[in-house]
Amino acid sequence: MRRQLRLSIACAATFMVALIALPLLNYYLPELMSRRIFGFTLTWFVLGILFFPLVWIISYFFIKRSIALEDQEAGAASDQNKS
Amino acid sequence: MNIDLWIVTFSALTVIATIGMGFWSARRSKTAHDFYVAGRSVSVGWNASAISGEYLSAASFMGVAGMVMSSGYDALWYPVCYACGYLFLLLFIAGPLRRFGAYTIPDFAEGRFDSPLFRKIAVTFVLFIGFFYTMPQMKGAGTTLAYIFPGLPYWAGVVLVGAVITLNVALGGMKGITLVQAFQYWLKMFAISVPVFVLMAVYGHYGEHIKVNSIRPSTVAGWTSYGGMMSYEGSEIVRKITPDKAPKDEAWISPFGPLTTKAAQAAKLSPQQARPYSLLYTYSLIIALVCGTAGLPHILVRFYTNPDGVAAKRTTMWVMILIGVFYLFPPVFGVMGRNLMPELYNGLTGVKGTDGVVLRLPTILDAQKFGPLGSVLSGITCAGAFAAFMSTFSGLLVSITGALAHDIYGRILRPKATPDERMKAFKLFAVVGGACAILLGLSVESFEINKLVGWAFAIAATSYFPLLFLSTWWRNITMRGAATGMLIGGTLSLVAIASTMFADQAKWAAGLKTWYAQHPLARTLAEQPAIWGLPLAIILMLIISKLTSRTVPTDVRMKMLVLHAPEKLGLKQEYIQEHHAAH
């Protein structure tokens with residue numbers, strides 16, 4: 001459970017860095033964020049499009065790790081029972 | 001808009017398909033278990049589609065596009081945070097909540113703290129959030145139907161949507177609704193994406209349309225305007241000149257625009273002075289939307305339909321993907337609407353103004369060149385809007401019915417009821433809940449209630465989210481701590497938001513309005529209370545739990561094991577068990 005919580009917090013922290021940073025970048029570097037990329041402003045492109053793949057990647061990574069941790073936990077418990 | 005045959009056809013098909021699926025699945029829902037949690041056997045794909053279908057309400061289907069059109073960049077936070085909220089649900093709540101094996105969230109509240117009192121508090125919040133969320137759905141159904149079919153009275157839409165869904169819920173319960181909601185997700189996805197692709201093929205793609213919203217169009221060379229239209233050098237997009245009521249391009253496309261500066265504008269601050277308030281507003285909005293999503297009871301209850309905790313986690317990931325893909329499209333409508341249909345900046349609220357952009361934008365396709373294509377696409381988006389009202393209301397009604405039939409009747413009033421009686425109770429209370437929702441919907445026609453969904457999110461973020469988060473991960477939380485934090489956090493946030501609404505609308509609160517105008521900081525914090533409400537609730541829970549640490553449930557280790565142990569260990573113990581013997 002502690003390792004699961006640590007994993008959850010690490011994933012949440014990664015996401016929160018992005019979530020907290022974007023308004024700050026908008027606030028302090030408006031020139032940079034209003035640069036155009038494929039017609040979008042940079043900030044629009046990040047928020048309107050790139051954010052979604054970011055959460056997909058984080059959640060995919062989390063699921064894989066989390067299920068692996070559960071398997072380890074279950075494996076360790078059944079080993080104990082055998083001995 | 002004249003009554004269009006295509007719109008009638010597609011809307012009618014959606015309603016008929018919904019009723020048909022209700023009857024079809026009614027034959028397959030036989031036990032109380034089926035009615036409350038769909039037999040706990042919904043596969044990942046079905047459940048993810050159903051949760052997405054339930055979550056994408058009319059506010060998502062039409063409102064997000066309308067908000068992007070009217071407020072620009074800042075409105076993008078809504079779709080992004082609506083989708084990202086599920087990440088928190090995945091990381092902290094989905095797996096443990098499912099493993100607990102309850103029927104409803106109040107079940108969890110009672111079981112986790114061994115406290116029947118806490119069930120009552122939790123059930124009050126479920127009903128409160130449920131009806132708060134229901135009223136705007138009903139009003140939306142009424143006004144949209146009256147708008148699509150001119151001449152129909154307001155009550156027709158409310159009664160139609162209310163009656164169809166009440167029938168479905170009463171016939172099939174959670175199991176019946178799962179199929180309908182999953183179907184309605186894919187219908188909505190189809191209805192929002194196909195028109196976007198067609199419109200982009202004809203009028204230029206998403207990026208091109210944003211490109212012509214240049215930061216300073218009037219001062220930049222390269223613009224030519226003629227006869228109400230203007231075009232930009234080097235771009236094929238021809239845009240209509242935006243009326244004066246619309247926000248200027250610069251404010252529209254850059255962050256900290258009209259949406260987040262209301263408080264500062266009331267205080268007559270310069271744009272430069274207003275920026276810190278906008279930043280604060282943005283952060284608070286993010287917290288409310290992200291944590292609110294992870295605390296909406298009618299969404300959470302769907303996780304109990306998964307077979308186990310791992311499936312619950314997988315489901316959440318797929319929900320994020322399904323919802324994320326959907327949310328790429330509404331902003332495109334908003335952006336194209338700004339360039340191609342600026343007449344919607346008419347100052348009217350609801351579907352008559354910018355919120356109608358999803359329904360109306362396809363009609364700009366020239367009938368002579370494209371035949372009935374514009375009408376067909378508009379019919380499809382109208383059908384999508386119908387699906388949105390129906391699927392969200394069906395989820396809300398299941399949640400409300402669960403609270404009434406399971407928590408109040410089955411647990412508080414008649415704990416000894418047999419599963420068969422519980423199933424009958426579900427059917428009965430579905431009709432009662434549906435009737436209440438219709439009556440409430442009929443009585444709010446003239447009220448400005450679109451904000452209520454925002455209220456529901458703020459309350460969920462400051463009450464349910466901290467409750468679920470701490471009680472799944474912190475073993476020393478006590479009932480008193482949890483209840484105090486939840487009640488005070490939720491209530492103060494509600495009072496704060498309500499005060500800004502009264503200040504704006506009620507005459508007796510004129511004094512408050514002037515006070516808020518002088519104190520933009522207070523106004524910002526009151527309008528978006530999550531930034532202080534959530535920490536307040538968590539701190540209260542921590543402090544009061546420390547003070548009452550003697551009342552930590554004695555078997556808390558066992559409870560934590562049930563919440564977190566993998567199913568493979570064989571410790572699975574459903575809080576509510578099905579009594580097969582009764583059938």
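Which residues of helix 24 of chain B are buried? In this predicted model, they are Pro520(B), Arg523(B), Thr524(B), Leu525(B), Ala526(B) and Glu527(B). Helix 24 covers residues 520–527 of chain B, and six of its eight residues are buried, so the helix is largely enclosed by the rest of the structure. The elements that these buried residues pack against belong to chain B: helix 11 (262–266), helix 12 (271–293), helix 22 (479–505), helix 23 (510–518) and helix 25 (530–547).

Chain B as a whole contains 26 helices and three strands. Its radius of gyration is 24 Å, close to the 25 Å given by the globule rule for 583 residues, so chain B is as compact as a globular protein of that length. Taken along the principal axes, the C-alpha atoms of chain B fill a box of roughly 75 × 55 × 45 Å. Of the 583 residues in chain B, 58% are buried. Among contacts in chain B with a separation of 6 or more, 80% join residues that are 24 or more positions apart.

The largest nonpolar core has 204 residues. Within this core, the residues with the most contacts are Ala83(B), Leu87(B), Leu289(B), Cys291(B), Ile323(B), Ala456(B) and Ala461(B). The element that gives the most to the core is helix 8 (residues 154–203) of chain B, with 20 residues. The surroundings of Ala461(B) can be listed in detail. When residues up to four places away in sequence are left out, Ala461(B) touches Ile287(B), Ala288(B), Cys291(B), Gly292(B), Gly295(B), Ala530(B) and Leu534(B). One of these partners, Cys291(B), is also among the core residues with the most contacts.

The packing of helix 8 of chain B was also examined in relation to a second helix. The arrangement of two packed helices is described by the distance between their axes and the angle between them. For helix 8 and helix 18 (residues 373–413) of chain B, the axes come within 6 Å and cross at roughly 145°. The crossing of helix 8 past helix 18 in chain B is left-handed. By class, the residues of this contact comprise 23 nonpolar, ten polar and one charged.

Three individual positions in chain B illustrate partly exposed sites. Ala156(B) lies in helix 8 of chain B. This residue has 15 C-beta neighbours inside 10 Å and therefore counts as partly exposed, since a buried residue needs 20 or more and an exposed one has 12 or fewer. The C-alpha atom of Ala156(B) is separated by 9.4 Å from that of Thr143(B), a residue 13 places apart from it along the chain. Leu536(B), in helix 25 of chain B, is likewise partly exposed, with 18 C-beta neighbours inside 10 Å. Leu536(B) and Gly485(B) are separated by 51 residues in sequence, while their C-alpha atoms are 7.4 Å apart in space. Asp114(B) is located in the loop between helix 6 (105–113) and helix 7 (116–148) of chain B. Although Asp114(B) is not a glycine, its phi is positive, at about 50°. With 14 other C-beta atoms within 10 Å, Asp114(B) is partly exposed.

Chain A has three helices and two strands. From the N terminus on, these elements follow the order α-α-β-β-α. The radius of gyration of chain A is 19 Å, well over the 12 Å that the globule rule gives for 83 residues, so chain A is more spread out than a compact globule. Along the principal axes, the C-alpha trace of chain A spans about 65 × 25 × 10 Å. Buried residues account for 29% of the 83 residues in chain A.

The contact between the two chains takes 38 residues from chain A and 38 residues from chain B. On the side of chain A that touches chain B, helix 1 (2–28), strand 2 (40–41) and helix 3 (42–82) each supply at least two residues. Helix 3 of chain A gives the most to this side, with 20 residues. Divided by class, the side of chain A that touches chain B has 25 nonpolar, ten polar and three charged residues.

Notes. Residues numbered from 1 in each chain as written. Chains lettered and ligands numbered in written order. Predicted model: local features only at pLDDT ≥ 70, side-chain atom pairs only at ≥ 80, totals over all residues. Helix = DSSP H or I, 4+ residues; strand = E, 2+ residues; numbered from the N terminus. Contact = placed C-beta atoms within 7 Å. Rg over C-alpha atoms; globule rule 2.2 N^0.38 Å. Core = buried A, V, L, I, M, F, W, Y, C linked by C-beta atoms within 7 Å. Nonpolar A, V, L, I, M, F, W, Y, C, P; charged D, E, K, R; others polar. Axes fitted to C-alpha atoms, helices over the stretch in contact; angles between N-to-C directions. Left-handed = near helix turned anticlockwise from the far one by under 90°.
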